[in-house]
Amino acid sequence: RHFPQLKANRKIELFFFSNMRTKLCVFLATVLLLQALNGSYTGTLKFKADNTFLIQQITDTHYNYNQSENDKSTAQVTDLIQMETADVIAMTGDMVSGDLWDGKSPNYYSTYWKQWTSPIDTTKKPYFYLLGNHDSQANLNRTQVMEMDMTHPYSMSQVSDSSIEGASTYVLPVYDNEESEVVFYLWVFDSGSNDCEGVKGYNCIGLSQIEWYRQKTAELEKKDGRRVPGLAFFHIPSPEWIALNNNGWVKGYKTEDTGCWSVNTGFYAAAKEMGNISGFICGHDHDNDFMGEYYGIYLMYGRKTGYGSYGPRAYMPRGSRMFQLRYDPTAQEVTWETYIRTLYGSKEDQTLMKWIPQLKCDRMETPGYNPDKPSDDRFLAEA
């Protein structure tokens with residue numbers, strides 16, 4: 001017997017489920033694509049109910065000088081994170097000493113990545129990561145390092161747009177406590193490894209990244225209806241750090257020459273022009289933690305956190321730089337203050353000091369530098 005109506009219904013049914021399956025496949029593919037472009041963490045960065053937001057900078061852990069130092073770094077980073085109540089952790093490069101790779105171990109980076117991210121496994125804090133000059137000097141290139149980091153469940157890291165230099169340039173929004181609007185941005189830049197624009201020395205934030213920053217600023221301003229403020233994080237300091245020191249008094253220590261970009265590509269000038277970044281934060285020079293305001297933009301070193309490689313000085317306890325943000329909903333303004341949290345739990349607001357001028361960016365470790373000396377005042381002009 002034939003049931004024409006049932007056959008018609010069956011065809012409709014098959015079409016409906018087939019169509020739904022296609023849509024589901026498209027949806028899943030979209031999700032996977034977004035996960036490929038962004039870190040695994042799906043939470044939102046937002047100000048707390050009291051309109052505060054806390055950032056903790058961890059920098060220059062340099063895993064793989066030896067396992068004892070690796071273990072001490074892991075314990076200390078865990079302790080530092082637990083001392084504070086940060087809303088996000090900024091991992092600002094040279095987490096792994098890729099330059100120590102033996103050229104043979106195929107799992108070199110992943111081995112030490114698992115170690116430097118283990119404090120995140122323990123504390124379950126969201127974090128973002130940017131590349132230093134040593135992270136990609138082993139078995140993985142810069143893009144591969146970032147892709148690996150994005151697999152961590154608490155990672156907010158992203159791979160840069162393929163049209164720009166480097167692999168860790170992106171921007172993260174921070175919302176108000178109701179998640180109704182973006183009120184702050186965390187700008188993340190890849191300052192590369194060696195040689196800027198073909199000039200020997202340390203790398204830099206390149207011209208394509210600066211153009212990306214300008215375009216992204218315009219895009220976000222159109223979306224947000226205003227130019228939302230932010231902070232910028234990168235690893236290698238720009239030449240303005242030298243100018244800041246040479247201008248006079250700074251807060252904190254400058255006990256090695258600043259190892260900055262071999263070419264000043266104009267990122268500071270672009271940030272001044274855009275007017276949406278109030279501070280630059282870097283790592284890189286393990287014996288420096290000084291900071292100060294340079295014509296409207298604060299330039300700040302982090303405090304070296306880990307035990308691998310040289311430094312910091314005996315009178316500079318390892319630690320992390322903290323950023324306490326406060327949002328005023330009425331004025332739509334974000335203010336911030338910064339301090340150092342040391343491994344001993346103490347809070348350092350840093351002292352004004354004056355150091356001798358520096359003429360050019362240092363490419364290598366300062367000649368005659370001895371990390372084992374308890375004190376080295378060769379750089380000190382006044383205190």
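# How do we know? Reasoning through a fold

Analyst: Let's start with helix α3, where Tyr108, Tyr109, Ser110, Tyr112, Trp113, Gln115 and Trp116 are buried. One thing to keep in mind: this is a predicted model.

User: What makes helix α3 "mostly covered"?

Analyst: Just count up. Helix α3 runs over residues 108-116, and seven of its nine residues are buried. To earn that label, a residue must have under 20% relative accessible area.

User: And what covers the buried residues of α3?

Analyst: Several elements pitch in, including the helices α2 (67-83), α4 (118-123) and α5 (142-149), plus the strands β2 (88-91) and β3 (127-129).

User: Zooming out, how many helices and strands does the chain have, and what part of the chain counts as buried?

Analyst: There are eight helices and 17 strands. Of the 383 residues, 53% count as buried.

User: Why does Ile55 count as buried?

Analyst: Set the value against the cut-off. Ile55 has 0% relative accessibility, and buried means under 20%, so Ile55 passes the test. You'll find Ile55 in strand β1, residues 52-58.

User: Which residues does Ile55 touch, if residues up to four places away in sequence don't count?

Analyst: Quite a list: Val88, Ala90, Leu186, Leu231, Phe233, Arg321, Met322, Phe323 and Leu325. Take Met322: Ile55 and Met322 are 267 residues apart in sequence, yet their C-alpha atoms are 5.8 Å apart in space. For the chain as a whole, look at contacts between residues at least 6 apart in sequence: 73% of them join residues at least 24 apart.

User: Why are α6 and α8 called roughly parallel?

Analyst: Their axes cross at roughly 10° and come within 10 Å. Angles under 35 degrees count as roughly parallel, so α6 and α8 fit that description. Here α6 covers residues 207-224, while α8 covers 267-274.

User: Which residues in α6 and α8 meet?

Analyst: From α6 you get Ile210, Tyr213, Arg214 and Thr217, and from α8 you get Phe267, Ala270, Ala271, Glu273 and Met274. Sorted by class, that contact has six nonpolar, one polar and two charged residues.

User: How many cavities of 30 Å³ or more turn up, and what makes a space a cavity?

Analyst: The search of the whole structure finds one. To be a cavity, a space must let a 1.4 Å probe fit but not get out. The volume here is about 40 Å³.

User: Which residues line the largest cavity, and how do they divide by class?

Analyst: Its lining is made up of Tyr185, Trp187, Thr217, Leu220, Glu221, Arg226, Arg227, Val228 and Asn276. They split into four nonpolar, two polar and three charged. Helix α6 gives the largest share, three residues. Strand β5 (182-188) also supplies at least two.

User: What about the largest pocket: how much space does it hold?

Analyst: About 450 Å³. Of the 23 lining residues, Asn38, Tyr41, Met156, Gln158 and Leu172 are the closest to the centre of the pocket. Elements giving two or more residues are α1 (4-37), β4 (170-175) and, here again, α6. By class, the lining has ten nonpolar, ten polar and three charged residues. A pocket is an open set of points, unlike a cavity, where the probe cannot get out.

User: Is Asn51 buried or exposed, and how do you know?

Analyst: Asn51 has a relative accessible area of 16%. That is under 20%, so Asn51 is buried. Asn51 sits in the loop between α1 and β1, and its phi is near 65°, a positive value in a residue other than glycine.

User: Why isn't Gln332 given the label "buried"?

Analyst: Gln332 has a relative accessible area of 32%. Buried needs under 20% and exposed needs over 50%, so Gln332 lands in between, as partly exposed. Gln332 lies in the loop between β13 and β14 (333-342). Phi of Gln332 is positive too, about 55°, although Gln332 is not a glycine.

User: Last one: what is the omega of the cis peptide bond, and which residues does that bond join?

Analyst: Omega is about -5°, and the bond joins Gly311 and Pro312. Pro312 lies in the loop between β12 (297-301) and β13 (319-328).

Notes. Residues are numbered from 1 along each chain as its sequence is written. This is a predicted model: local features need pLDDT of at least 70, side-chain atom pairs count only at pLDDT 80 or more; totals for chains, interfaces and linings use all residues. Side-chain values use heavy atoms; hydrogens and water are left out. On a 1 Å grid over the protein atoms alone, a cavity is a set of points where a 1.4 Å probe fits but cannot get out, and a pocket is an open set with protein on both sides within 12 Å along at least five of seven lines; lining residues have an atom within 4 Å of a point. Grid points are joined across faces, edges and corners, and a volume is the space filled by probe spheres set on the points. Helices (H or I, at least four residues) and strands (E, at least two) are DSSP runs, numbered from the N terminus. Ala, Val, Leu, Ile, Met, Phe, Trp, Tyr, Cys and Pro count as nonpolar, Asp, Glu, Lys and Arg as charged, and the others, Gly among them, as polar. Axes are lines fitted to C-alpha atoms, for helices over the stretch in contact, and angles run from 0 to 180 degrees between N-to-C directions. Angles under 35 degrees count as roughly parallel, over 145 as roughly antiparallel, 65 to 115 as roughly perpendicular and the rest as oblique. Contact means heavy atoms within 4.5 Å. Buried means under 20% relative accessible area, exposed over 50%, partly exposed in between (1.4 Å probe, protein chains only).
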